[in-house]
Amino acid sequence: MYGRSRYRPLLAAGLALTVTLLGGCAARIMPESQLDTPQPVYLVDHGRHASLVIPHEDGLTRYSFGEWRWYVEGRRGAMAGLSALLWPTAGGLGRKEHAALEAPPLPARVTPEGRQQVYALNAEAVRVEALRRRLDAYHAGAPEPPVYSETFGLYFVPYSRHYWAGHQSNLKVVEWLQELGMQVQGSAWLSRWRIVED
């Protein structure tokens, strides 16, 4: 009996957080309308999380951020998910390079966990290349070797910031989109996206 009552505050907090987040609207993405050198990027909505794919001259590279135990160790029970949201836990940066595109906009092998929608966006090429170089350098400079996740098809390295409700995969993608010069308004927490163009 004591064991169950011990988790009641945690469950109540989780329920309150869930209700709050479910009430949010879709994230509205507004790409820059005037671009000197447009470069495509792909926002991939997997249903509950999102990732970013950047094409380049050698093919494309996919990036994703997630909770280490969930993404890498495969701990996906209800309590594991709830604890990851309610307090900071270890995060990981996932990355994988792929050869040239086989089918537009992305071949299925790039997202083995599946996807609900792929959004093709354009950003200034210099910004895209700067983001790609930064993420690649971070991944390559990790103090530990990458760990491969077959479920997500990505190599993960530990990330310097923790994962929690205020810094989860979709919010990390929002940071990347903003780094590319796009405005993002509304809640991206549930991986609901709407593209707003002039």
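In this predicted model, the largest nonpolar core comprises 29 residues, and the members with the most contacts inside it are L43, W176, L177 and W193. Two or more residues of this core are supplied by each of the strands β1 (27-30), β2 (38-45), β3 (50-56), β4 (59-67) and β6 (117-124), and likewise by the helices α4 (125-140) and α5 (169-179). Of these elements, α5 contributes the largest share, amounting to four residues. In soluble globular proteins, nonpolar side chains tend to be buried together.

The surroundings of L43 illustrate how this core is put together. When residues up to four places away in sequence are not counted, L43 touches I29, A50, S51 and L52, and in addition Q117, V118, Y119, L121, V173, L177 and W193. Two of these partners, L177 and W193, are themselves listed with L43 among the residues that have the most contacts inside the core. Apart from this assembly there is a second, separate core of seven residues, which includes V44, V53, L60 and L106.

For the protein as a whole, buried residues account for 44% of the 198 residues, and the secondary structure consists of five helices and ten strands. Among contacts between residues at least 6 apart in sequence, 73% join residues at least 24 apart.

Charged pairs were considered next. Side chains of opposite charge can pair when their charged atoms come close. A search of the whole structure finds ten salt bridges. One of them is formed by R95 and D136, whose closest N and O atoms are 2.7 Å apart. This pair links distant parts of the chain, with R95 placed in strand β5 (residues 91-98) and D136 in helix α4, 41 residues apart. Both R95 and D136 are buried.

A further salt bridge joins E129 to R132, with the closest N and O atoms 3.2 Å apart. Here both partners belong to helix α4, where E129 and R132 are three residues apart, about one turn of the helix. The two ends of the pair fall into separate accessibility classes, since E129 has a relative accessible area of 26% and is therefore partly exposed, whereas R132, with a relative accessible area of 14%, is buried. Through salt bridges that share partners, R95, E97, E129, R132, R133 and D136 are joined into one network.

Another salt bridge is found between E67 and R69, for which the closest N and O atoms are 3.0 Å apart. E67 counts as buried because its relative accessibility is 3%, while R69, at 25% relative accessibility, counts as partly exposed.

Helix α4 also takes part in a helix-helix contact. Two packed helices are described by the angle between their axes and the distance between the axes. For α4 and α5, the angle is about 135 degrees and the axes are 9 Å apart, so that α4 is classed as oblique to α5. At this contact, R127, L131, R134 and L135 of α4 meet W176, Q178 and E179 of α5. By class, the residues of the contact are three nonpolar, one polar and three charged. W176 is thus found both in this contact and among the residues with the most contacts inside the largest nonpolar core.

Two further positions show parts of the chain that are distant in sequence being brought together in space. S149 lies in strand β7 (residues 147-149), and its relative accessible area of 4% is the reason why S149 counts as buried. S149 and G74 are 75 residues apart in sequence, yet their C-alpha atoms are 8.7 Å apart in space. Leaving aside neighbours within four places in sequence, S149 is in contact with Y71, L154 and F156.

R194, in turn, is located in strand β10 (residues 193-195), and because its relative accessibility is 45%, R194 counts as partly exposed. The C-alpha atoms of R194 and M30 are 8.8 Å apart in space, although the two residues are 164 residues apart in sequence. When residues up to four places away in sequence are not counted, R194 touches A27, R28 and I29. These three residues fall within the stretch 27-30 that forms β1, one of the elements giving two or more residues to the largest nonpolar core.

Terms used. Residues are numbered from 1 along each chain as its sequence is written. This is a predicted model: local features need pLDDT of at least 70, side-chain atom pairs count only at pLDDT 80 or more; totals for chains, interfaces and linings use all residues. Side-chain values use heavy atoms; hydrogens and water are left out. A nonpolar core is a set of buried Ala, Val, Leu, Ile, Met, Phe, Trp, Tyr and Cys residues joined through side-chain atoms within 4.5 Å. Buried means under 20% relative accessible area, exposed over 50%, partly exposed in between (1.4 Å probe, protein chains only). Contact means heavy atoms within 4.5 Å. A salt bridge is a side-chain nitrogen of Lys or Arg within 4 Å of a carboxyl oxygen of Asp or Glu. Axes are lines fitted to C-alpha atoms, for helices over the stretch in contact, and angles run from 0 to 180 degrees between N-to-C directions. Angles under 35 degrees count as roughly parallel, over 145 as roughly antiparallel, 65 to 115 as roughly perpendicular and the rest as oblique. Ala, Val, Leu, Ile, Met, Phe, Trp, Tyr, Cys and Pro count as nonpolar, Asp, Glu, Lys and Arg as charged, and the others, Gly among them, as polar.
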